Every structure is written in C-alpha cells, then in structure tokens.
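User: Hi, I've got a new structure open and I'm new to this. Can you walk me through it?

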Amino acid sequence: MGHREFKKRIYPEFARIAQAMASDKRLELLDLLAQAPRHVEALAEETEMSVANVSQHLQVLRAAHLVEADRAGNRVIYCLSGPDVLRLWLSLRGVAERRLPEIREISRLFAVEGADGEPMSHSRLAAELAADRLVLLDVRPELEYEAGHIPGAISISPEELPRRIEGLPHDRPIVAYCRGDYCLFADEAVALLRKRGFEAYRLDGGWPEWAAANAHA
C-alpha cells in the first residue's frame with residue numbers, strides 16, 4: 001500500500017478523538033471526571049442534563065477510549081482513561097485561552113469581586129507548605145477531595161466554609177484551590193476569607209493542573 005492509502009486510514013483515527021471532544025457538554029463531563037470518578041446520575045445532576053443525554057455523551061467518549069467504565073453495585077462509574085486524557089483536555093483549553101479573546105472576556109465578566117490579585121504559583125506553594133508557613137484549603141466537594149487532593153490540603157467544601165471559617169488560623173496566609181481556572185469555588189472562598197480579615201490567595205490553576213504536573217504516566 002502507498003503513502004496516500006496510509007494517510008487515508010490513519011487520519012480518520014485521529015479525527016475520532018477530535019470528534020469525541022467536539023461538544024461543550026462532553027468537555028464539561030471530561031472536566032468533572034478530571035476531579036473524581038462519578039456515576040451517570042451524579043454527572044447529570046452536576047451538569048443539569050438528563051440522565052439519557054449524559055449517557056449518550058459518555059458512550060461517545062468511551063468509544064474514543066477517553067473514558068472508562070466500571071460497575072460498582074448497581075451503578076456504572078466513569079473515569080478518565082488515563083493522565084494523557086487529562087493532559088489533552090488541559091492542552092486544548094490552553095490553546096483556546098491563547099487564541100480566543102472571548103475566553104478572557106467571559107472570565108472578566110464573571111470574576112468574583114474581592115478575589116483579584118496574582119494567584120500563588122505551584123513552586124511557591126510547595127516551598128511554603130514545606131516550611132509550614134501557610135494553610136492550604138481544598139474547597140471542592142468532599143467526594144472530589146477524597147478521590148485525590150494536593151498533599152497537605154484541608155478539605156472544606158463551599159457549603160461548609162462560612163460556618164468553619166473562624167476555626168482557621170489568622171497567623172498564616174490561606175491558599176484556596178478548586179477544580180481549576182474555570183471554577184469559582186476558590187475565588188468565592190478567597191473573597192469570603194478576605195472579608196473576614198484573613199490573608200488569602202488563590203492557587204494558580206487547581207487540582208487538574210496539579211495532578212497533570214505530578215502524574216507519572
């Protein structure tokens with residue numbers, strides 16, 4: 001077989017991945033599964049889609065081997081197929097951030113008042129944590145914290161933070177992280193902490209970015 005026949009066969013296989021990701025709903029599902037494995041009903045509730053629609057989108061992602069499924073009792077639990085899928089999603093997002101000014105404008109419009117300022121870098125976080133000079137808060141839902149979190153982080157979900165905030169130390173800065181740059185949990189936490197007199201920062205990125213940077217596969 002010649003070169004042209006080879007290309008005619010190989011490029012459609014690459015296109016399967018692009019086609020599977022060519023849906024805003026499926027990208028949101030990938031982003032949620034980057035936080036923690038979930039069953040269909042939980043994904044439907046989180047995305048405000050019907051169970052039937054979520055199931056259809058998951059089957060497309062599964063056919064492209066971007067997600068895997070495993071049965072737990074009467075439920076099927078879905079997860080990303082591997083760290084490379086997470087890196088693919090973050091890479092796609094990064095290209096969009098650099099090429100589409102609309103993303104910056106949407107982010108500006110939905111910015112949380114009181115959470116401005118430079119986020120803390122991963123390298124500085126590691127140094128400050130090692131020296132015990134700050135408190136790190138994971139403000140995602142507890143399910144996601146249990147599935148994976150940055151070592152040293154304390155879990156306080158968005159719903160719990162208002163009633164637990166006075167139990168946090170005032171003598172050290174507090175850094176909050178959540179699902180990533182396009183999740184507002186950390187911004188809302190930082191704004192609330194600052195309003196209550198704490199020195200608070202948001203981490204640059206969130207759990208997916210940290211997980212991708214520290215994955216060994």
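Analyst: Start with a term. Helices and strands are DSSP runs, numbered from the N terminus; a helix needs at least four residues and a strand at least two. Also keep in mind that this is a predicted model.

User: Okay. How many helices and strands are in the protein chain?

Analyst: The chain has 11 helices and seven strands.

User: What box do the C-alpha atoms fill?

Analyst: Roughly 70 × 40 × 35 Å, taken along the principal axes.

User: And how much of the chain is buried?

Analyst: Of its 217 residues, 39% count as buried. The chain exposes about 12,600 Å², and carbon and sulfur atoms supply 53% of that area.

User: What about contacts between residues far apart in the chain?

Analyst: Take the contacts with a separation of 6 or more. Residues 24 or more positions apart account for 64% of them.

User: Let's talk helices. How do α2 and α3 pack?

Analyst: First, the general idea. Two packed helices are described by the angle between their axes and the distance between the axes. Here, α2 (residues 24-33) and α3 (residues 40-47) pack at about 115 degrees, with axes 11 Å apart. Their crossing is right-handed.

User: Which residues meet there?

Analyst: From α2, Glu28, Leu29, Leu32 and Leu33. They meet Leu43, Glu46 and Thr47 of α3.

User: Does Glu46 come up again? What does its side chain pair with?

Analyst: Glu46 forms a salt bridge with Arg179, at 3.0 Å from N to O. The pair links distant parts of the chain, 133 residues apart. Arg179 sits in the loop between β6 (174-177) and α10 (185-195), while Glu46 is in helix α3.

User: Is each of those two buried or partly exposed?

Analyst: Arg179 has a relative accessible area of 10%, so it is buried. Glu46 is partly exposed because its value is 34%. The cut-off for buried is under 20%.

User: Why would such side chains pair at all?

Analyst: Side chains of opposite charge can pair when their charged atoms come close.

User: How many salt bridges does the structure hold?

Analyst: It holds 19. One of them joins Asp138 and Arg140, with the closest N and O atoms 2.8 Å apart. Asp138 is buried, at 0% relative accessible area. Arg140 is buried too, at 0%.

User: Got another one? What about Arg164?

Analyst: Arg164 meets Glu160 in a salt bridge, 3.5 Å from N to O. Arg164 is partly exposed at 31%. Glu160 is partly exposed at 23%.

User: Which residues do shared salt bridges join into one network?

Analyst: Arg38, Glu46, Glu144 and Arg179. They are joined by salt bridges that share partners.

User: New topic. Which residues make the nonpolar surface patch?

Analyst: Ile106, Leu109, Phe110 and Leu184 make a patch of about 420 Å². Phe110 lies in the loop between α6 (101-109) and α7 (122-130). Phe110 counts as exposed because its relative accessible area is 57%, and the cut-off for exposed is over 50%.

User: Last one. Where is Leu92?

Analyst: Leu92 is in helix α5 (residues 83-99). Its relative accessibility is 36%, so Leu92 counts as partly exposed.

User: What does Leu92 touch?

Analyst: Leaving out residues up to four places away in sequence, Leu92 touches Met21 and Leu27. For Glu13, 79 residues away along the chain, the C-alpha separation from Leu92 is 18 Å.

Notes
Residues are numbered from 1 along each chain as its sequence is written. This is a predicted model: local features need pLDDT of at least 70, side-chain atom pairs count only at pLDDT 80 or more; totals for chains, interfaces and linings use all residues. Side-chain values use heavy atoms; hydrogens and water are left out. Buried means under 20% relative accessible area, exposed over 50%, partly exposed in between (1.4 Å probe, protein chains only). Contact means heavy atoms within 4.5 Å. Patches are made of residues with over 30% relative accessible area and no salt bridge: like charges are joined within 9 Å, nonpolar side chains (Val, Leu, Ile, Met, Phe, Trp, Tyr) within 5 Å. Accessible areas come from the Shrake-Rupley method with a 1.4 Å probe; for residues, only the protein chains shown count as cover. A salt bridge is a side-chain nitrogen of Lys or Arg within 4 Å of a carboxyl oxygen of Asp or Glu. Axes are lines fitted to C-alpha atoms, for helices over the stretch in contact, and angles run from 0 to 180 degrees between N-to-C directions. A crossing is left-handed if the near helix is turned anticlockwise from the far one by less than a right angle, and right-handed if clockwise.
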